[in-house]
Amino acid sequence: MYSCLTPESATPIKLSRNRQHVLPLGHLAFAYLWYVPYAAVRTRRLPAQLALVPLAIGSQFPDMIDKPLAYLGILPYGRSLAHSVFAFALCSLTLWWVGHQLRDRWQADSRIEWVRRVTPAAFVLGYASHLIGDSYRFLLAGEFWSARFLVYPLVSLPTSPADDIPPWIRLFNIYRDMGAHPQLALIGVAGVVFVGLRARHYWNTRQTLEADSR
């Protein structure tokens with residue numbers, strides 16, 4: 001259990017660890033389940049394998065920035081700078097601008113050009129899914145003050161004893177007992193969807209090759 005103090009009251013507000021935190025694999029699964037319908041609507045294809053790399057990076061990006069910097073004492077809280085919608089907007093616009101500037105640098109059918117095309121959307125979707133995963137419970141419950149990290153630095157943030165623990169130690173402790181992972185069902189659903197889509201792709205490819213060989 002963690003506690004923090006609001007400016008209006010000196011009474012500690014205790015928050016459940018499982019309620020407060022989506023863990024890394026949970027963020028990754030959540031991002032993938034967001035990206036599948038996007039890919040289906042946008043390209044009407046199986047999610048591109050290359051896009052899964054920037055998607056995975058985007059899904060972890062806020063924690064990759066904020067957790068280490070909070071541990072080093074540079075940021076006040078493990079959800080602050082990169083968990084802000086302002087940082088999200090800046091990173092997203094920058095990535096889209098860079099991608100646009102790199103247009104026509106490579107052949108249209110080259111691997112690096114495909115990476116350039118899919119990276120901005122995949123990263124942004126992964127990033128957005130992280131912020132939603134961390135805040136949606138608070139927002140749906142009307143606990144807007146608990147989601148105030150979304151507008152950092154416009155408001156002050158609490159401190160957490162967990163930020164005094166090295167992030168890599170926290171990850172080790174979390175994943176020593178995978179069976180207790182609070183997003184285990186979500187990870188399972190994402191795994192089933194991934195395997196199912198890959199199996200469907202393999203089957204369709206095999207059917208096409210067999211038809212062409214006749």
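# Close-up views of a predicted model

**View 1. A salt bridge joins two buried residues.** Asp163 and Arg170 are both buried. Their side chains form a salt bridge, with 3.6 Å from N to O. Side chains of opposite charge can pair when their charged atoms come close. The model shown here, and in every view below, is predicted. A search of the whole structure finds five salt bridges. Further examples appear in Views 3 and 4.

**View 2. The whole protein chain, for orientation.** The protein chain holds seven helices and two strands. Along the sequence the order is β-β-α-α-α-α-α-α-α. The protein chain has 214 residues, and 38% of them count as buried. Take the contacts with a separation of 6 or more: 69% of them join residues 24 or more positions apart. The exposed area of the protein chain is about 12,800 Å². Carbon and sulfur atoms supply 65% of that area.

**View 3. Asp63 and Lys67 pair within helix α3.** Helix α3 covers residues 52-71. Both Asp63 and Lys67 lie in this helix. They are four residues apart, about one turn of the helix. Their side chains meet in a salt bridge of 4.0 Å, N to O. Are the two partners buried or exposed? Asp63 has a relative accessible area of 13%, so Asp63 is buried. Lys67 has a relative accessible area of 11%, so Lys67 is buried too.

**View 4. A salt-bridge network involves helix α5.** Glu113, Arg116 and Arg117 are linked in a network of salt bridges. One of its links joins Arg117 to Glu113. The closest N and O atoms of Arg117 and Glu113 are 3.6 Å apart. Helix α5 covers residues 111-140. Arg117 and Glu113 are four residues apart in helix α5, so about one helical turn separates them. What is the burial state of each partner? Glu113 is buried, because its relative accessibility is 6%. Arg117 has 37% relative accessibility and therefore counts as partly exposed.

**View 5. Tyr71 and Trp168 form an aromatic pair.** The structure has eight aromatic pairs by count. One of them is Tyr71 with Trp168, in an edge-to-face arrangement. The ring centres lie 5.9 Å apart, with 80 degrees between the planes. Which helices does the pair link? Tyr71 belongs to helix α3, and Trp168 belongs to helix α6. These two residues are 97 residues apart, and their pair links distant parts of the chain. Tyr71 has a relative accessible area of 31%, so Tyr71 is partly exposed. Trp168 reaches 56% relative accessibility and therefore counts as exposed.

**View 6. A nonpolar patch includes the same aromatic residues, Tyr71 and Trp168.** Six names make up this surface patch: Tyr71, Leu72, Ile74, Ile165, Trp168 and Ile169. The patch area is about 610 Å². Trp168 sits in helix α6, which runs over residues 167-175. Trp168 counts as exposed because its relative accessibility is 56%.

**View 7. Four aromatic residues gather in one cluster.** The members are Phe61, Phe88, Phe123 and Tyr127.

**View 8. Helix α2 and its buried residues.** Helix α2 covers residues 24-42, 19 residues in total. From its first C-alpha to its last, the helix reaches 26 Å. That is close to the 27 Å expected at 1.5 Å a residue. Which residues of α2 are buried? They are Gly26, His27, Ala29, Phe30, Ala31, Tyr32, Tyr35, Val36 and Ala39.

**View 9. Gln183 and Leu184, at the start of helix α7.** Gln183 lies in the loop between α6 and α7. Gln183 is buried, because its relative accessibility is 5%. What does Gln183 contact, leaving aside its neighbours within four places in sequence? The partners are His21, Val22, Leu23 and Gly26. Gly26 also appears among the buried residues of α2. Leu184 is found in helix α7, residues 184-213. Leu184 counts as partly exposed, because its relative accessibility is 39%. Leu184 and Leu25 are 159 residues apart along the chain. Their C-alpha atoms are separated by 8.7 Å.

How values were computed. Residues are numbered from 1 along each chain as its sequence is written. This is a predicted model: local features need pLDDT of at least 70, side-chain atom pairs count only at pLDDT 80 or more; totals for chains, interfaces and linings use all residues. Side-chain values use heavy atoms; hydrogens and water are left out. Buried means under 20% relative accessible area, exposed over 50%, partly exposed in between (1.4 Å probe, protein chains only). Contact means heavy atoms within 4.5 Å. Accessible areas come from the Shrake-Rupley method with a 1.4 Å probe; for residues, only the protein chains shown count as cover. Patches are made of residues with over 30% relative accessible area and no salt bridge: like charges are joined within 9 Å, nonpolar side chains (Val, Leu, Ile, Met, Phe, Trp, Tyr) within 5 Å. The expected span of a helix is 1.5 Å times one less than its number of residues. Rings of Phe, Tyr and Trp (its six-membered ring) pair if their centres lie within 6.5 Å; planes under 30 degrees apart count as stacked, over 60 as edge-to-face and the rest as tilted.
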